[in-house]
Amino acid sequence: MKKKLTCFDVRNESAKSADVYIHGDVLDDDWKAWMSVYDGETFAGYVLPVDVREKLESLKGKDLTIYINSDGGSVPAGITIANMIKRHDGHTVGVVDGWAASIASVIFMACDERRMPSNTFLMIHKPSAMALGDADDMLRVATMLDTVQEGIEQAYLERAREGVTPKAIHDAVEAETWYTAAEAAEMFDITVEESDARLVACSKSMNFKAMPAAVRAAKTADAATEGAEELENRKRRLAIELELLK
């Protein structure tokens with residue numbers, strides 16, 4: 001029986017290379033304890049730095065093709081994964097399978113080469129956070145987010161085409177900008193590849209201000225065809241998320 005592809009997986013490993021799939025939302029490592037309560041399939045849609053670190057250690061020296069289809073997720077976790085990919089001692093090629101949004105776009109930028117099929121998307125925007133406390137606490141969070149945004153913009157600037165200014169990057173981040181593959185290749189050092197395959201969503205988030213109709217349609221179509229087992233798994237994940245917020 002063919003192995004089911006989970007949202008973080010390694011395939012086609014050989015002595016010199018491997019395919020790595022990041023197909024889901026990025027979470028912090030402290031979720032690992034909650035995940036242990038349920039079977040692995042329940043949390044197949046999440047990607048954690050600790051799992052990426054373990055896999056990359058086993059792939060030392062190998063060239064990697066890293067396929068990304070993600071709405072993003074935790075900024076610290078995503079930056080950690082991006083840094084691990086940048087440190088990898090083999091050549092890395094990032095490929096956007098559907099879209100690389102939010103912090104997933106930073107993971108994509110960490111790869112030595114970056115490729116986007118013509119029907120895929122890249123999205124960059126301001127980081128966000130939840131905060132509790134008084135006005136001073138809120139100001140500290142706002143300052144932290146500004147600092148994080150500067151770091152994220154630098155990651156984009158490192159992969160920008162000649163002539164793209166820091167202000168152009170900053171303005172795009174401020175606006176929540178969705179790029180088609182062709183548009184992304186004008187802004188960043190990205191190779192566009194022709195493709196007529198249908199877009200496929202991995203996560204179901206709709207919490208973006210400027211989501212293109214094609215992306216929204218792909219997510220809606222996936223939701224309509226999703227099986228009862230996967231729906232039950234998502235209910236379990238939501239129950240844990242609500243419990244953490246109490």
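**Group meeting talk: a walk through the fold, starting from one tyrosine**

Okay, let's start at Y156. Leaving aside residues up to four places away in sequence, Y156 touches S102, S105, V106, M109, I124, I169, V173 and F188. One thing to say straight away: this is a predicted model.

Is Y156 buried or exposed? Y156 is buried, with a relative accessible area of 1%. Y156 also belongs to the largest nonpolar core, which has 47 residues. The residues with the most contacts inside that core are I81, L122, Y156, F188 and I190. There's a second, separate core too, with five residues, and W99, A101, F121 and M123 are among them. As background, nonpolar side chains in soluble globular proteins tend to be buried together.

Let me zoom out for a moment. The protein chain has nine helices and 10 strands. It runs to 246 residues, and 47% of them are buried. Now take the contacts between residues at least 6 apart in sequence: 66% of those join residues at least 24 apart. As for the outside, the accessible surface comes to about 12800 Å², and carbon and sulfur atoms account for 54% of it.

Back to our tyrosine, and to the helix that carries it. Helix α5 covers residues 135-158, so to speak the home of today's talk. It has 24 residues and reaches 35 Å from its first C-alpha to its last, close to the 34 Å expected at 1.5 Å a residue. Which residues of α5 are buried? They are L145, Q149, I152, E153, A155 and Y156. Notice that this list has Q149 and E153 in it alongside the likes of L145 and I152. And what do the buried residues pack against? Three helices and a strand, namely α3 (75-87), α4 (103-109), α6 (166-175) and β8 (121-124).

Have a look at the N-terminal end of α5 as well. D134 caps that end, with a side-chain oxygen 3.1 Å from the backbone nitrogen of D136.

Next up, aromatic rings. How many aromatic pairs turn up in a search of the whole structure? Four. I'll show you two.

In one, F121 and W178 sit edge-to-face, 6.5 Å centre to centre with 75° between the planes. F121 is in strand β8 and W178 is in strand β9 (residues 177-180), so this pair ties together parts of the chain that are 57 residues apart in sequence. Both partners are buried: F121 has a relative accessible area of 10%, and W178 has 11%.

In the other, we meet Y156 again. Y156 and F188 form a tilted pair, 6.1 Å centre to centre with 55° between the planes. This pair also links distant parts of the chain: Y156 is in helix α5, while F188 is in the loop between α7 (181-187) and β10 (191-193), 32 residues away. F188 is buried, at 0% relative accessible area. Ring pairs also bring in Y179, which makes a cluster of Y156, Y179 and F188.

Let's move on to a couple of strands. T92 is in strand β6, residues 92-101. Why does T92 count as buried? Because its relative accessibility is 1%, and buried means under 20%. Not counting residues up to four places away in sequence, T92 touches L64, I66, I85, A110, C111, D112 and E113. With D112 there's a polar detail: the backbone nitrogen of D112 lies 2.9 Å from a polar atom of the T92 side chain.

Then there's Y67, in strand β5 (residues 63-70). Its C-alpha is 5.8 Å from that of V96, although the two residues are 29 apart along the chain. With residues up to four places away left out, Y67 touches D19, V20, Y21, I22, H23, V95 and D97.

D19 gets us to my last stop, N12. Where is N12? In the loop between β1 (8-11) and β2 (17-22). N12 is exposed, with a relative accessible area of 57%. Setting aside residues up to four places away in sequence, N12 touches S17, A18 and D19. The side chains of N12 and D19 make a polar contact at 2.7 Å.

So that's the tour, from buried Y156 out to exposed N12. Thanks, everyone!

Terms used. Residues numbered from 1 in each chain as written. Predicted model: local features only at pLDDT ≥ 70, side-chain atom pairs only at ≥ 80, totals over all residues. Heavy atoms only, no water. Helix = DSSP H or I, 4+ residues; strand = E, 2+ residues; numbered from the N terminus. Buried < 20%, exposed > 50% of the residue type's maximum accessible area, 1.4 Å probe, protein only. Contact = heavy atoms within 4.5 Å. Polar contact = N/O pair within 3.5 Å; in protein donor to acceptor, adjacent residues only side chain to side chain. Expected span 1.5 Å × (residues − 1). Areas by Shrake-Rupley, 256 points an atom, 1.4 Å probe, with all protein chains shown as cover. Core = buried A, V, L, I, M, F, W, Y, C linked by side-chain atoms within 4.5 Å. Phe/Tyr/Trp six-rings, centres within 6.5 Å; stacked < 30°, edge-to-face > 60°.
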